[in-house]
Amino acid sequence: MVLKPESMGKITLVGPKSYREAVVAELHRLKILHISDHAKTDDIDVGSPLEKANELSEVLVKIRSISSWLRVKRKNNSEELKIEAGYDLGALSKKLYLEVKQKIEQLREVEGRVSANNSLKAELEALKNIAIDLSAFAEYRSIAYFAGYVKNLDGIENRLRAITEKFELYAAAEKGKNVIVLFVEIEKKNEAREILIQHGLSDISTQNLRGMRGRAHDSIRALEEEKSSLLKQMEKVTGSMGKLRLRYEKHLLFAEDFLEKELEKAEAPLRFAETKNTFVINGWVPEKDAEDAMKKLNAAGKNKIFFNLEEPGKKDSVPVKLKNPGPVRPFEFFMDLYTMPTYRELDPTFLVFLTFPLLFGFMLGDFGYGLVTLVLFIALKKKMPKAKNFFNILIFASIATIFFGLLFGEFFGFEEIGHFKLPHIISRSHQVTELLYLAVAVGVIHINIGLIAGFYNELKSHGFMAALYAKGGWIVLQIGVALLALSYLKIIALPIYTGIIFFVLSLLMLLKGEGIRGLIELPGIFSNILSYARLMAIGLSSVKLAEVINESATEMFHGGGFLILTGILLLLVGHIVNIGLGLLGSFLHSLRLHYVEFFTKFFHGGAKKFKPFGAKS
Amino acid sequence: MAVDINTGLVALGSAVAIGASAIAAAWAEKSIGVAAIGAMAEKEELFGKGLILTVIPETIVIFGLVIAILILNLSGA
């Protein structure tokens, strides 16, 4: 049945330790057993990894560092990596590791020198118009000096003269700014600095100038020469690293893949229970594969393996593998995004498959938009096979959009093309109130499907009466309130107390089924149903926006000339933006209606996903 | 275009209904969104739950819209 996850068998596997490695290898190949990790107890410890695990992880770490240094990246297309067999991975990794490490160190050293060169050059550039020899920037006992930019030069000299006679001020312009260098007797250092700060001093570092001679110009030229030779060195090193990458890229990727697998195998016993001579694996296997798996494992273990296969117990937390036919499978994406259903409850994927595209289509609901998005997502699916599931969902949603577009008689927001009025069942832009009722009606149906699914779940887990009280109560409540409203508004000729009877009955049922919590949540079901009004709201905003775009563009077309071009541009950009907004809104809101309004009626979730040993995560 | 005061008041009433509820929804969503993003930064699997929690207050503005439409309809505008 589509609504149930795959049936699982709880398997226990016991064997002598000497066959451990062979069994692990076979398990890894079969990719069929979800191992339940053994937790250490007083009686029985977890297993020890295979002997080669240490060596494997050491080599793997080296390979990964080499890959990151050489910037080896995994390609998107998963072409099989095949390389000639029979070379020593350990030796290769050791040799390559040393070689690449040396290169990377060389590179870092050169990079360090380039950055030192850059900062020294910046200092010299700032001072190059100051007419003093660089040897002046030395350490003095009786003189202090400052170098920096100031905002204005006016009056500095006079103010300095006011505090001391013993100073020397050099000023020059550099790139529109005033650069000054001031030498002053050391006793007046602070006062002089104070004056400069008042003139907006920002310091230029002279740290690196110690010990230099001559004018800044000449040093800059020397630095430039040095830099170009450093850059050449860098190029040489990166070039040779590039060659290494080209040569070893495939080897490295293959080695990483291979080692990861081997390491996973070697470390698998950490998840087993082990005694001195035997190992025990507890796990889960899909029931239909169990027979075959046991046969193959027994062959690998030379018939020395003991198996026990049983039905999952009531309290077991069974890993869940969803089982849905092809077209429904993409929608399992929504369960991954939210949480896995537990083993014993309904798998909502099929229900989501039925209703998600419908709610989405109801909101976007435009024939033209549906066509555009359909083409777009088919193209994107080809382009990005990795996100295939996601695009499949959107393709279904686009088809529903086209369908609803026909119902609403909308084509890019137009309700008539030329003078041909598109036929429609209901017009979204003109029958807003009807649309609101329709949206709420959809809500009633959807919520009640949820309640029926919840009834089934309760039935399975707590029996008929519990299901009747907890889920049936909500349905009776809706009937009660509907009767009350209809008889109050005199739409049906029933005495008002029939509604009251239903209402009170539902209260009692809910009190029994869900306790006080049920009563507190009483208004919740109506806010849930009203929440479906968003089907109208999102749709309406999308239609109105489309209409505004169309109307403004039509006006421009009447204007003629250059305005026609603008009109076309407006149509294009406007509809693209509106489609983008519509997609985002419709997707999120449809998803939300499922997660919040629909799922809360029946879904618990929280199971672990079935993850067989050896399968890629 | 002259509009009588009653029509104006009806329009204002529905505008307040949707405007105020939109501000309320935004306010509520702000706090939840911040917390949800924080949680997601720590644990990416929480995306689904975070999304749901974040959009829960959105219903408020839908109610506002429903009320606005009801006001417009009941007043016969």
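## Exercises on a predicted two-chain model

The C-alpha centres of domain 2 and domain 4 of chain A lie 53 Å apart, in a structure that is a predicted model.

**Exercise 1.** State which residue ranges make up the domains of chain A.

*Solution.* Begin with the domains written as two segments: domain 1 takes 1-47 + 272-321, and domain 2 takes 51-114 + 221-266. Then add domain 3, which covers 129-214, and domain 4, which covers 329-601.

**Exercise 2.** Compare the end-to-end distance of helix H6 of chain A with that of a straight helix, and locate a bend in H6(A).

*Solution.* First, take the 52 residues of H6(A), which runs over residues 216-267; a straight helix at 1.5 Å a residue would reach 76 Å. Second, set against this the 63 Å between the end C-alpha atoms of H6(A), which falls short of that span. Third, look along the helix to Tyr248(A), where H6(A) bends by about 60°.

**Exercise 3.** Describe the interface of chain A and chain B, working from its area to its salt bridge.

*Solution.* The area buried between the two chains is about 1500 Å², and carbon and sulfur atoms give 78% of that area. Chain A brings 19 residues to the contact and chain B brings 15. Five residue pairs are in polar contact between the chains, and one salt bridge is found across the interface. Arg534(A) forms a salt bridge with Glu58(B), with 3.2 Å between the closest N and O atoms. On the side of chain A that touches chain B, helices H12, H15, H16 and H17 each supply at least two residues, and the largest share, seven residues, comes from H17(A).

**Exercise 4.** Explain why the positions of Glu26(A) and Arg29(A) in helix H1 of chain A matter for reading their salt bridge.

*Solution.* The side chains of Glu26(A) and Arg29(A) meet in a salt bridge at 3.0 Å, N to O. Both residues lie in H1(A), residues 20-30, three residues apart, about one turn of the helix. An α-helix has 3.6 residues a turn, so residues three or four places apart point the same way. Over all chains, the structure holds 23 salt bridges.

Technical notes:
Residues are numbered from 1 along each chain as its sequence is written. Chains are lettered from A and ligands numbered from 1 in the order in which they are written. This is a predicted model: local features need pLDDT of at least 70, side-chain atom pairs count only at pLDDT 80 or more; totals for chains, interfaces and linings use all residues. Side-chain values use heavy atoms; hydrogens and water are left out. Helices (H or I, at least four residues) and strands (E, at least two) are DSSP runs, numbered from the N terminus. The expected span of a helix is 1.5 Å times one less than its number of residues. The bend at a residue is the angle between axes fitted to the seven residues ending there and the seven starting there. Domain bounds come from an automatic or database domain assignment. Contact means heavy atoms within 4.5 Å. Buried area is the accessible area (1.4 Å probe) that two parts lose on being put together, summed over both. A salt bridge is a side-chain nitrogen of Lys or Arg within 4 Å of a carboxyl oxygen of Asp or Glu. A polar contact is a pair of N or O atoms within 3.5 Å; within protein, one must be able to donate a hydrogen and the other to accept it, and residues adjacent in sequence count only if both atoms are side-chain atoms.
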